[in-house]
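Trainee: I should like to understand how the terms used for a structure follow from their definitions. May we work through one example together?

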Amino acid sequence: MTEPSGNMRTADGAPTLEVRGISRAFGSVQALRDVSLVVRPGEVVGLVGDNGAGKSTLVKIISGAQAPSSGEILVGGQRVEFHTPKASRAMGIEVVYQDLALATELTVAENIFLGREIKYGGLLRRLGVLNRRKMRVEAEKALASLGITIQATTTRCGLLSGGQRQAVAVARAIMWGSKVLLLDEPTAALAVAETEKIGELVKAAARHGVAILLISHDMAQVRKICDRVAVLLRGELVADLPTESTSIEDIVLWITGGAMVVSE
Ligand SMILES: Nc1ncnc2c1ncn2[C@@H]1O[C@H](COP(=O)(O)OP(=O)(O)O)[C@@H](O)[C@H]1O
Ligand SMILES: [Mg+2]
């Protein structure tokens, strides 16, 4: 398993991920308005909000899948500009989506190594032949170290349960030593036990120093695994609260805009 690299606190204590003043409009819809947020190494931040609040748009902007209208993104204190998800991935930003980012026709091992295939040396390397055996062994080691049980890493991902697929996607992010893990409703389609498992994996990633942004509608899960909870309301970040001292009722009040009324 690859050790996480460069994802510990930088010398000047810069957060792993910082978004500053991000705005994005789609025609007349202001999906995000001046959103600023920080995620430090080893921190799990819950990003919550009603449907259409702008959560997925923020994740897409951070990962380079969409461009902001204005604002900036910093990784480890350095300003970055991604035009493709591939570019953000090269900087250690991994995304796990609800709709299962794995290629269903590929095996577990192939998915884990997708885009980073281990090649043989020498002539075979030049011919671009994949070292399937090595990929399989490394994938098995990585999954075992995270306590993930899969029938075999040669199983095609289309045959796995939703929870197993999400576990493989999270494991892939952890084993490649990513600095930032963005999860957009990773457990929305999962059974309770599978949701628990993903929660444990997210905590394990945080212990590796990964900075995590978790979009979830499951407030109990947010309370359980997040250090902070950030609330988007119609594109604006209206609250950024320590989870420990925030009840589910409080979070829901912020999500619905009720907290703004109460405090006015
Ligand atoms: N590609 C797009 N084109 C037009 N409107 C979009 C697009 N993506 C998102 N939106 C709009 O932006 C707003 C925020 O959407 P989204 O980020 O998906 O919210 P959430 O993930 O919180 O449900 C919504 O009003 C949505 O309809
Ligand atoms: Mg969404």
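Trainee: Which strands form the open sheet, and in what order?

Mentor: This is a predicted model. Four strands make up the open sheet, in the order E2-E1-E4-E5, and their pairing is antiparallel.

Trainee: What makes E2 and E5 edge strands?

Mentor: E2 and strand E5 (78-80) each have a single partner strand, so one side of each is left without a neighbour in the sheet. On average, neighbouring strands of this sheet are turned by 30 degrees against each other, direction ignored.

Trainee: How do you know that strand E4 and E5 pair?

Mentor: Two strands pair if at least two bridges are found between them. Strand E4 (residues 70-75) and E5 have three bridges, so the condition for pairing is met. Leu 74, for instance, has Arg 79 in E5 as its bridge partner.

Trainee: What does H1 touch when it packs on the sheet?

Mentor: H1 touches strand E1 (17-26), E2 and E4, and the direction of H1 makes about 120 degrees with that of E1.

Trainee: Which residues are around ligand 1?

Mentor: Among them are Phe 26, Val 29, Asn 51, Lys 55 and Thr 57. Strand E2 (29-39) and helix H1 (55-62) are the elements that give two or more residues to this shell. The largest share, three residues, comes from H1.

Trainee: Why is Lys 55 in this shell called charged?

Mentor: Lys belongs to the charged class by definition, so Lys 55 is counted there. By class, the shell has four nonpolar, six polar and one charged residues.

Definitions and conventions: Residues are numbered from 1 along each chain as its sequence is written. Chains are lettered from A and ligands numbered from 1 in the order in which they are written. This is a predicted model: local features need pLDDT of at least 70, side-chain atom pairs count only at pLDDT 80 or more; totals for chains, interfaces and linings use all residues. A residue is near a molecule or strand if its C-beta atom, placed from the backbone, lies within 6 Å of it. Axes are lines fitted to C-alpha atoms, for helices over the stretch in contact, and angles run from 0 to 180 degrees between N-to-C directions. Two residues are in contact if their C-beta atoms, placed from the backbone, lie within 7 Å.
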